[in-house]
Amino acid sequence: MRNRRTALSVTLGLGVAVTLGLGAGPASAQEAPTPSAPALTSGTQGYTGESQKTNEKFFKAVVEDALKKQAAKPGIQLVTVNYSASGAPTFRNQIANSTAVWNSSVRNVQLREGGNASFSYREGNDPRGSYAQTDGHGRGYIFLDYRQNQQYSSNRVVAHETGHVLGLPDHYSGPCSELMSGGGPGTSCRNDRPNATERARVDRLWQNGVASVAFDKVAFGK
């Protein structure tokens, strides 16, 4: 379908091995050790573990690695970002759904489960909810909280958090039709797809294999 494009596998060399030893589902799972998480962002609603600065660092780490790979292979148009879902077996279906949603929504970047993952998914219990996390040194993961995924549409939570990896910020005051409004519209909102503005923004961020380094001006409202 995109035979004129050259795929780039973005690899941060994370090698994040996640073994939480959890049960099969939220209701019966053991308590997982709570991973370190960013401080709460003032005024957030719903997905309370979010941090705008942390999300931005996560995205920039992925983009910067893509730029390095592109320097070695000029002319790359389509970036493929690999992820690992092995650390979140309870949410495998939701992660697959998120991947399908994003891959069908945008043209310039694609997600793929595979080796040399640029980020991983984890699951467990955390009072702060779900969030995208990075340590600032090229390591990143999406944490999926059991309780929150029972209260809110789990497909929406996963697709929302994955949106941060692709460069989208939170906008909790937005309507249900806006994926990055997260938990703002309430627990009844089940939309798991980005709207036209969000789709266009991701494609703009990743255009031409991110050769323009446009993310500094476009991402996170800058």
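These are my notebook entries on what I looked up in this structure.

**Entry 1: overall layout**

I am working from a predicted model. I began with the secondary structure and got six helices and six strands. Reading from the N terminus, I wrote the order down as β-α-β-α-β-β-β-β-α-α-α-α. Next I looked up burial: 55% of the 222 residues count as buried. The accessible surface came out at about 9800 Å², and carbon and sulfur atoms hold 48% of that. For contacts, I took residue pairs at least 6 apart in sequence; 69% of those contacts join residues at least 24 apart.

**Entry 2: the core**

Which residues have the most contacts inside the largest nonpolar core? I noted Ile95, Trp102, Val109, Phe119, Tyr121, Val202 and Trp206, in a core of 29 residues. I then traced where the core residues come from. Strand 2 (78–84), helix 2, strand 3, strand 4, strand 6 (140–145), helix 4 (154–165) and helix 5 each put in at least two. Helix 4 gives the largest share, with four residues. As background, nonpolar side chains tend to be buried together in soluble globular proteins.

I picked Tyr121 for a closer look. Skipping neighbours within four places in sequence, I listed its contacts as Tyr83, Ser84, Ala85, Gly87, Ala88, Ile95, Ile142, Leu144, Val158 and Thr162. One of them, Ile95, is also on the list of residues with the most contacts inside the core.

**Entry 3: strand 6**

Is strand 6 mostly covered or mostly open? It is mostly covered, since six of its six residues are buried. I checked both faces. Gly140, Ile142 and Leu144 are buried on one side, and Tyr141, Phe143 and Asp145 are buried on the other. Ile142 and Leu144 had already turned up in my contact list for Tyr121.

Then I looked at the pairing. Strand 4 runs parallel to strand 6, with five bridges between them. Strand 5 (residues 131–134) pairs with strand 6 in the antiparallel sense, over four bridges. I used Phe143 as a marker: Arg122 stands opposite this residue, and so does Tyr131.

**Entry 4: salt bridges**

How many salt bridges does the count come to? I got three. The general idea is that side chains of opposite charge can pair when their charged atoms come close.

- Arg92 and Glu113 form one, with the closest N and O atoms 3.2 Å apart. This pair spans 21 residues, from helix 2 (residues 92–105) to strand 3 (residues 109–113). Both ends are partly exposed: Arg92 has 38% relative accessibility, and Glu113 has 41%.
- Asp203 and Arg107 form another, at 3.6 Å from N to O. Here the partners are 96 residues apart, with Asp203 in helix 5 (residues 196–205) and Arg107 in the loop between helix 2 and strand 3. Asp203 counts as buried because its 7% relative accessibility is under 20%. Arg107 has 48%, so it falls under the 50% line and goes down as partly exposed.
- Arg128 and Asp126 form one too, with the closest N and O atoms 2.8 Å apart. Arg128 is partly exposed at 23%, whereas Asp126 is buried at 4%.

**Entry 5: the disulfide**

I searched for disulfides and the count comes to one. Cys176 and Cys189 form the link, with their sulfur atoms 2.0 Å apart. Both cysteines sit in the loop between helix 4 and helix 5, 13 residues apart. What is the handedness of the link? It is right-handed, with 90° about the S-S bond.

I also looked up how covered each end is. Cys176 is partly exposed, with a relative accessible area of 27%. Cys189 has 4%, which means it counts as buried, being under 20%.

**Entry 6: a backbone oddity**

I finished with backbone angles and flagged Asn116. Its phi is near 50°, a positive value in a residue other than glycine. Where does Asn116 sit? I found it in the loop between strand 3 and strand 4 (119–124). Its relative accessible area is 57%, so Asn116 counts as exposed, the cut-off being over 50%.

Definitions and conventions:
Residues are numbered from 1 along each chain as its sequence is written. This is a predicted model: local features need pLDDT of at least 70, side-chain atom pairs count only at pLDDT 80 or more; totals for chains, interfaces and linings use all residues. Side-chain values use heavy atoms; hydrogens and water are left out. A salt bridge is a side-chain nitrogen of Lys or Arg within 4 Å of a carboxyl oxygen of Asp or Glu. Buried means under 20% relative accessible area, exposed over 50%, partly exposed in between (1.4 Å probe, protein chains only). Contact means heavy atoms within 4.5 Å. Accessible areas come from the Shrake-Rupley method with a 1.4 Å probe; for residues, only the protein chains shown count as cover. A nonpolar core is a set of buried Ala, Val, Leu, Ile, Met, Phe, Trp, Tyr and Cys residues joined through side-chain atoms within 4.5 Å. A disulfide is a pair of cysteine sulfur atoms within 2.5 Å. Two strands pair if DSSP finds at least two bridges between them.
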